[in-house]
Amino acid sequence: MPPRRRRAPVVPQMNLTPLIDVVMQLIIFFMLVSHLASEEMVPMWVPRLDAAQTQAMEKSQRIVVSVAPESFSPQAREADPLLFPGVPRGVQVGRQWFEAGDLDGITAAVEAARAAHPHAQVILRADAALHYQAVQPIMSAIARAGIQQLSIAADLPHPPHAQDQE
């Protein structure tokens with residue numbers, strides 16, 4: 001009879017390669033999603049509403065026109081929001097940036113976005129520190145694009161605290 005050999009005990013090992021692959025895919029996914037979501041979010045303070053009515057819309061159902069302020073400093077804004085010059089830095093329609101005075105370009109961009117999504121609603125986001133004289137020509141450019149209904153985005157007030165209700 002041949003001599004018996006003793007085998008060493010089997011040590012279990014974990015293969016972490018699939019786990020690393022999944023984590024890398026999640027990181028890439030969240031980086032892409034955050035980039036796409038931030039394209040619509042120009043930093044600004046929009047006016048607060050007392051009796052707000054909200055409406056949830058999918059991205060394909062809306063065309064967002066953002067009128068960005070000249071400068072954005074949250075600390076200075078909280079100190080006194082009315083000390084800003086009230087002039088816009090530019091206008092963003094979807095992913096395109098325009099100078100605030102390029103009303104023909106803004107009109108063409110809104111027309112093109114409306115042609116791509118005929119049933120989409122146009123939402124105007126304007127900073128609370130902007131003067132109406134700066135926003136009104138942009139509203140007129142949107143109207144020249146054939147938009148008959150314009151929604152205006154505003155900041156929803158925070159729910160009242162329990163001590164405020166007493």
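Read along the sequence, the chain follows the pattern α-β-α-β-β-α-β-α-β-α, which gives five helices and five strands. The model is a predicted one. Of the 166 residues in the chain, 25% are buried. Among contacts with a separation of 6 or more, 72% link residues 24 or more positions apart.

It is convenient to start with the sheet. Its five strands form an open arrangement in the order β3-β2-β1-β4-β5, with mixed pairing. The edges are taken by β3 and by β5 (150–152), each of which pairs on one side only. Neighbouring strands of the sheet are turned against each other by 25° on average, with direction ignored. Across β1, β2, β4 (121–126) and β5 lies helix α4, which runs at about 170° to β4.

A closer look at β2 shows how the strand is tied in on both flanks. Strand β1 (residues 62–69) is antiparallel to β2 and is joined to it by five bridges; here V65 stands opposite V93 of β2. Towards β3 (residues 96–98), β2 is again antiparallel, and the two are joined by three bridges. Within this second pairing, V93 has Q96 of β3 as its bridge partner, while V91 is matched with F98 of β3. The hairpin of β2 and β3 has two residues between the strands, and in this hairpin G94 adopts a positive phi near 65°.

Strand β2 is also mostly covered, with five of its six residues buried. Where does Q92 belong in this picture? The residue is placed in β2, which spans residues 88–93. Because its relative accessible area is 6%, below the 20% limit, Q92 counts as buried. A polar atom of the Q92 side chain lies 3.1 Å from the backbone oxygen of G94, and this is the glycine with the positive phi in the hairpin of β2 and β3.

The edge strand β3 offers another residue to inspect, namely W97. Is W97 buried, partly exposed or exposed? Its relative accessibility is 43%, which lies between the limits of 20% and 50%, so W97 counts as partly exposed. Twelve residues further apart along the chain stands A109, and the C-alpha atoms of W97 and A109 are separated by 9.7 Å.

Finally, the helices can be considered. Helix α3 (residues 103–116) packs against helix α4 (residues 132–144) at an angle of about 45°, and their axes are 8 Å apart. Because that angle falls in neither the roughly parallel, the roughly antiparallel nor the roughly perpendicular range, α3 is oblique to α4. The crossing of the two helices is right-handed. On the α3 side, the contact is made by L103, I106, T107, V110 and E111, and on the α4 side by P137, I138, A141, I142 and R144. Helix α4 thus appears twice in this description: as the partner of α3 in the packing, and as the helix lying across β1, β2, β4 and β5 of the sheet.

Conventions: Residues numbered from 1 in each chain as written. Predicted model: local features only at pLDDT ≥ 70, side-chain atom pairs only at ≥ 80, totals over all residues. Heavy atoms only, no water. Helix = DSSP H or I, 4+ residues; strand = E, 2+ residues; numbered from the N terminus. Buried < 20%, exposed > 50% of the residue type's maximum accessible area, 1.4 Å probe, protein only. Polar contact = N/O pair within 3.5 Å; in protein donor to acceptor, adjacent residues only side chain to side chain. Pairing = 2+ DSSP bridges. Axes fitted to C-alpha atoms, helices over the stretch in contact; angles between N-to-C directions. Parallel < 35°, antiparallel > 145°, perpendicular 65-115°, else oblique. Left-handed = near helix turned anticlockwise from the far one by under 90°. Contact = heavy atoms within 4.5 Å.
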